Amino acid sequence: MLWRRKLLVPLAALTLVLSASAGAGAAPPPAPTSAPTVSAAGDFGAPGPYATAVEVGAITTLYYPRDIASSDRRHPVIVWGNGTFAFPVVYRDLLLHWASQGFIVAAANTPQSNLGISMRAGIDMLTRRNADPDSIFRNHVDLEHIGASGHSQGGAAAIVVGADPRIDTILPIQPGPLANINSVHVPALLLAGEKDSIVFPFLVKAFYDAADHIPALYGEVRGADHFTVVGDAGPFAAPTTAWFRAQLMGDQTARAQFFGPACGICTDTTTWSDVRRNDLALSIPAGTP
């Protein structure tokens, strides 16, 4: 581990039929590693090298690299919380994008995620699947590198789950106000939308201002409203991917997007209308010492 409020916002819930890819049995693979995957020339908004699959369960929907059973590495985990009245399918493009980059995404199926219970259940489930000799996930889940993210009410849930000692970083997207970031002890990237009239940017800044005990960054996406991340994740895809690659995979190119005097998000005024880094974040070098 590195460093250690429920908003009822109406979201249009989409009803789609997904083809579930169930976990087939597989023999234990040979000694996978946790080495980072390659991201094409630092273009974190581009699809990653992995074909993807979806497994819809009762409590959790998994988005993951399709050929995980034969992977030569362990894959970090991202647990996801939905906005109010929404389900993982609403954020399908973003979650599949992360899976294509080598992450296993455990998305809670609940439309009321604020307490983070179903998000934690996703970690528990992957812990069992990682130890199950009949699971395609056997020895391929990197349980030492787990991030939490979510949108709106789910963003607040990501903050709540950030108090779990198994979590290594959080990335709340336009988080509702009912959470306590004082309980979080890991690095945080807090994202707001410049044009968000539901979770106003000042609400996200309040979390950032309170997070003086952890490395915290605030990013306000230029022109984004509360629903920009729904469907095509657009400007949210690249920075969220880079953050998780930096924090969970040790990707040095991604790390340079957030840390050091010339950090990428600090100079990208096309994507960002406001970027802030607290003293603890400013003290982190662009590269690993």
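Eight salt bridges are counted in this predicted model. One of them joins the side chains of Glu-55 and Arg-129, with a nitrogen-to-oxygen distance of 3.1 Å. Glu-55 belongs to strand E1, whereas Arg-129 belongs to helix H2 (residues 117–131), so this pair ties together parts of the chain that are 74 residues apart in sequence. Both partners fall under the 20% limit that defines a buried residue: Glu-55 is buried, at a relative accessible area of 14%, and Arg-129 is buried, at 16%.

A further salt bridge involving helix H2 is formed by the side chains of Asp-164 and Arg-120, for which the N to O distance is 3.5 Å. Asp-164 is located in the loop between helix H3 (153–161) and strand E6 (169–173), while Arg-120 is part of helix H2; the pair therefore ties together parts that are 44 residues apart in sequence. Asp-164 is buried, with a relative accessible area of 9%. Arg-120, in contrast, is partly exposed, its relative accessibility being 25%. Asp-164 also forms a salt bridge with Arg-166, in which the closest N and O atoms lie 2.9 Å apart. Arg-166 is likewise described as partly exposed, with a relative accessible area of 26%. Through salt bridges that share partners, Arg-120, Asp-124, Asp-164 and Arg-166 are joined into one network.

These interactions are set within a protein chain that contains eight helices and nine strands. The chain has 289 residues, of which 54% count as buried. The area exposed by the protein chain is about 11100 Å², and carbon and sulfur atoms supply 58% of this area.

The arrangement of buried and exposed positions can be followed in helix H4, which spans residues 201–210. Its buried residues are Pro-201, Val-204, Phe-207 and Tyr-208. When the helix is seen down its axis, these buried residues fall within an arc of 120°, so they line one face of H4. An α-helix has 3.6 residues a turn, and residues three or four places apart therefore point the same way. Phe-202 and Asp-209 are exposed on the other side of H4. The elements that cover the buried residues of H4 include helix H3 as well as three strands, namely E7 (188–193), E8 (216–221) and E9 (272–277).

Pro-47 provides an example of an exposed position outside the helices and strands named above, as this residue is found in the segment before strand E1 (52–56). Its relative accessible area of 68% lies over the 50% limit, and Pro-47 is therefore classed as exposed. Contacts are nevertheless present: when residues up to four places away in sequence are not counted, Pro-47 touches His-97, Ser-100 and Gln-101. Pro-47 also lies 9.8 Å from Ala-237, C-alpha to C-alpha, although the two residues are 190 residues apart in sequence.

Conventions
Residues are numbered from 1 along each chain as its sequence is written. This is a predicted model: local features need pLDDT of at least 70, side-chain atom pairs count only at pLDDT 80 or more; totals for chains, interfaces and linings use all residues. Side-chain values use heavy atoms; hydrogens and water are left out. Helices (H or I, at least four residues) and strands (E, at least two) are DSSP runs, numbered from the N terminus. Buried means under 20% relative accessible area, exposed over 50%, partly exposed in between (1.4 Å probe, protein chains only). Contact means heavy atoms within 4.5 Å. A salt bridge is a side-chain nitrogen of Lys or Arg within 4 Å of a carboxyl oxygen of Asp or Glu. Accessible areas come from the Shrake-Rupley method with a 1.4 Å probe; for residues, only the protein chains shown count as cover. The arc is that of the directions from the helix axis to the C-beta atoms.
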